[in-house]
Amino acid sequence: MSRNSIPERIIALGADGADILHELGAWPRVAGVTAFYHQPPDAEQKPRVSGFSSANMAAILKLEPDLVITSTDVQHQLASDLIKAGVTVWAINSRSLEEIYAAIRNLGQIVRRGERAEEVVARMERELQPIETNGAPRPKVYFEEWPEPLITGIGWVSELIERAGGTDIFAELRKEKKAASRAVAPEEVVARAPHIIFASWCGKPVRMDDITSRSGWEKIPAVRSGRLVEIPSDDILQAGPGLVRGYETLKREIGRLAKSPPPGRHNSRVARTPRKRVSLPAPMTTPDLTDPRLFINRELSWLAFNRRVLEEAIDPSQPLLERVRFLGIVTSNLDEFFEVRVAGLKQQIEHESDDAGPDGMSARQTFEAIRQDVLKMIEDQYQLWNNELLPALGKHGVYLHDFKGLSKNDQSWATHYFREEVFPVLTPLAVDASHPFPQLQNKSHNLFLRLKRPERPTEALHAVVAIPRVLPRLVRIPHPKADEWHYILIQNLIQNHIHDLFPGLTVEQVYGFRITRNSDLYIDEEEAENLLRTIEDELRKRARGNAVRLEIEHGCPPDMRRALLDIFKLGEDDVYLVNGPLNFLHLMPLTSIDALASLRDKPYVPIISTVLPHGCDYFAILRHKDVLLHHPYQSFSSVVEFLEHAASDPAVLAIKMTLYRTSGDSPIIHSLIRAAEEGKQVTVLVELRARFDEANNILWARQLEEAGVHVVYGLVGLKTHCKVLMVVRRDEDRLRHYLHLGTGNYHPSTARFYTDFSLFTSNQELGEEVGMLFNTLTGLSEFKGIKQLLVAPFQMHDLFLKLIRHERDLAQQGKEGRIIVKLNSLVEESLIVALYEASQAGVKIDLVVRGICCLRPGVPGVSENIRVTSIVGRFLEHSRIFYFGNGGKPKVYLGSADWMPRNLFRRVEVVFPVLDPGLRKRLTDVIIPGYLSDCVKARVLGADGVYTRAVCPPGQEPTQVQLHFRNLARQAASRRVESKTDKLPQVVKKPSS
């Protein structure tokens, strides 16, 4: 850029530069911004090319900037690298209000907006005017910019505190240029006794508990009175016009304290207005339906789902032990999310991939956004546990103790237990030059120690103690009162006896930690001669995959944490501090205390189908009609019994089925083995790559093969996810195919708490098509045209597009278009675009999406006819339903597939029509309306990407669909008792020999 030219392609690597350019009216010239800038409505349209101290150099150079603006001395290396690359760089390094004003004026001159710059500065000077205190006492204020080490506010923050009527207790540090020079000792904060504490941790969520729990800080007046206030970093740490917002918060909170400091604790933390991650396009006549603003980020949508699970734990109307259970589910979900999704993102970042999804966010931007969401989620988890659930358990006689708080008798018992049951299986592992850091398993529970030798007190030693999985994580302490349950966490027990493992050494500090590793399997099927053996090898590697997350006990010193991060090759963005149990799954035994059944949901026993009662002749019934079961309201035992009858029926010639997941000691496996032993042709397609069930499926595959079952591992490159069972039987008139088609796994255990459908049928056309499908999966034949079934990856995607577009065409012709879909996840871009097109045409669309939903409903001109809800309740919503109005002749399908790329293009999936008019009517008149009417457990997705609780329409009683379906199943069972028309064919069993 020459001296006299005007920059036309500017990149702002700091939020302050971006904010100033926006205020100057130079935003159209901005070609790229930092990931931390979200203020103007269209900020998300700009490419995100940097973080706080790092940047994607390739992405920056690709944008061909004629000016790059850096921010603060932290970005000096970025500036140097850019200059070496031939890029013009202008650095903002403001420390005071006057320097901020000067930066605005200078940047105004560079972009030829000098007059506008003067207006911006004048407005800021006017809005940042000091208040009149009229001689009133000035409250003492501590501002915390960073927690480790403690860093107090930068110069302009100190100025604003004084202008707002307060006294900055570290005003002498105001002129220090470097953050390190503004570091303060915790004891000094205590000594200066601030009346109010403001915190803004450079974009990191402030953990108020971290502040209040610091040693000695309970003496600080601000802590005693609960005067702790978080200010968003956008409002106080960006050296630009946004400071006006932060100043308003300072004035308001300091003013309240100066006028009437209230007694007692009240916690006046500022409520933060949620910032939208994207700005919505204004209504237009011909919007671009691939605009990234119309898509919600997949990973952030999943985190929103896990937030809804956490809301179930937070909900005080839930039974107490169910709240504890939901807390554990949140942790389990996060574990898998980091093992697979975050691990994949970190690989993309490592390989400097600039691929963005439909939402336009890069891997780096997504990773940074995930961290902020997860930090808040973890904070809320531990606040819930420490402040609500743990005290509530105590009121019901359940206590979780720290060893030091036990009575002498209980300490004696715990020490004896440790030495007899725990000590013998522990192995202390030194960490030094001659003892490399041990290879710790994925998600294992470990202790990290700092020790010293008495003869060499200046030499710090480190060691690791892995807590073996054979030890119970929760140890019950005997107690004379039968209605009390006293426990201690195994980690706490070991920590308090850790010196027994290191005689002759002084244990200075010990902290629990857990490492999460990349757990996705890497398999080249075309190169793998034996898929089963290849997967076994990969499973052994899974426990040693690259680390992706470090969870460590709150209070661990920075040097010990840094040591662990270096060992696992992780960064500060990968560490998560926990203020309580290291893993909430360790608390799950509490949910099974028999004497506390009143604190759990009342048991629900699935109802045996009135159409397929126990002992009936399944084949005789299915020759005359189709049967639809709704699990878990109707028992999955009918599916198990159907297969058992097929295995023992001498007229059955062959059984073919797919097996994606099943339970331990599965009756499904036993029936298949029995059928093979009785000479039937049994073929089972076992999916070895069912995530986290690979080892189980390898075990079943070997058992089946040893029994003579033909075991097939599917098509190369495709997971077999469909749920299909076919029985070929020689009836009196002809060979007939009997089918079970499902939306869920052949897993009797999960079928008790997953909602799914089972369709039993002997429909000839469906039977022939399922037979063709098995031939494709087990043989070398190509997939031939099928009319009734939708089969991925062959024609399912195209047929769904066709069905959606048919509804769109009807609406364009002035007829009614209607689409209702219930799914687990909605991600696939072309289907979302097709739904947008249908909405624009006037089609009314209801989507019940339990988990990920990348579609953005309610956008004017695009998706105002689309309503998205999510139901999270006692049972896991797992069924998939597809309803298309078809001009008054509805088409209804059920199946195993979500609308995700993996389901539609990388898996074998089956979606099947409900052809029986009576069953179709049950779906359209009872089941689908039930899901749409829920206003208790349903959340509604807004155009801003935020879920809110559904509100019952005027005059409607609160409807909880899962409770409604339980009641319907019970009513149907009670009617059967009185019915005389329920005399169904019974199986005549042979006498046992």
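This is a conversation about aromatic rings in a predicted model.

Student: Why is the contact between Trp385 and Phe584 called edge-to-face?

Tutor: The ring centres of Trp385 and Phe584 lie 6.1 Å apart with 65° between the planes, and because a pair needs centres within 6.5 Å and an edge-to-face pair needs planes over 60 degrees apart, both conditions are met. In the chain, Trp385 belongs to helix H14 (residues 363-395), while Phe584 sits in the loop between strand E19 (575-578) and helix H19 (618-624), 199 residues away. Both Trp385 and Phe584 are buried.

Student: What makes the pair of Phe800 and Phe884 tilted?

Tutor: The planes of Phe800 and Phe884 meet at 40° and their centres are 6.5 Å apart; since stacked requires under 30 degrees and edge-to-face over 60, the pair falls into the remaining class and is therefore tilted. This pair also links distant parts of the chain, with Phe800 in helix H24 (residues 796-812) and Phe884 in strand E33 (residues 880-884), 84 residues apart.

Student: How do you know whether Phe800 and Phe884 are buried or exposed?

Tutor: Phe800 has a relative accessible area of 0%, and Phe884 likewise comes to 0%; buried means under 20%, so each of these residues counts as buried.

Student: Why is Arg371 said to lie over the face of Tyr576?

Tutor: Arg371 is placed 4.8 Å from the ring centre of Tyr576, and because the distance limit is 6 Å, that part of the rule is satisfied. Tyr576 also belongs to an aromatic cluster with Trp302, Phe305, Phe337 and Phe338.

Key
Residues numbered from 1 in each chain as written. Predicted model: local features only at pLDDT ≥ 70, side-chain atom pairs only at ≥ 80, totals over all residues. Heavy atoms only, no water. Phe/Tyr/Trp six-rings, centres within 6.5 Å; stacked < 30°, edge-to-face > 60°. Helix = DSSP H or I, 4+ residues; strand = E, 2+ residues; numbered from the N terminus. Buried < 20%, exposed > 50% of the residue type's maximum accessible area, 1.4 Å probe, protein only. Lys NZ or Arg CZ within 6 Å of the ring centre and 35° of its normal.
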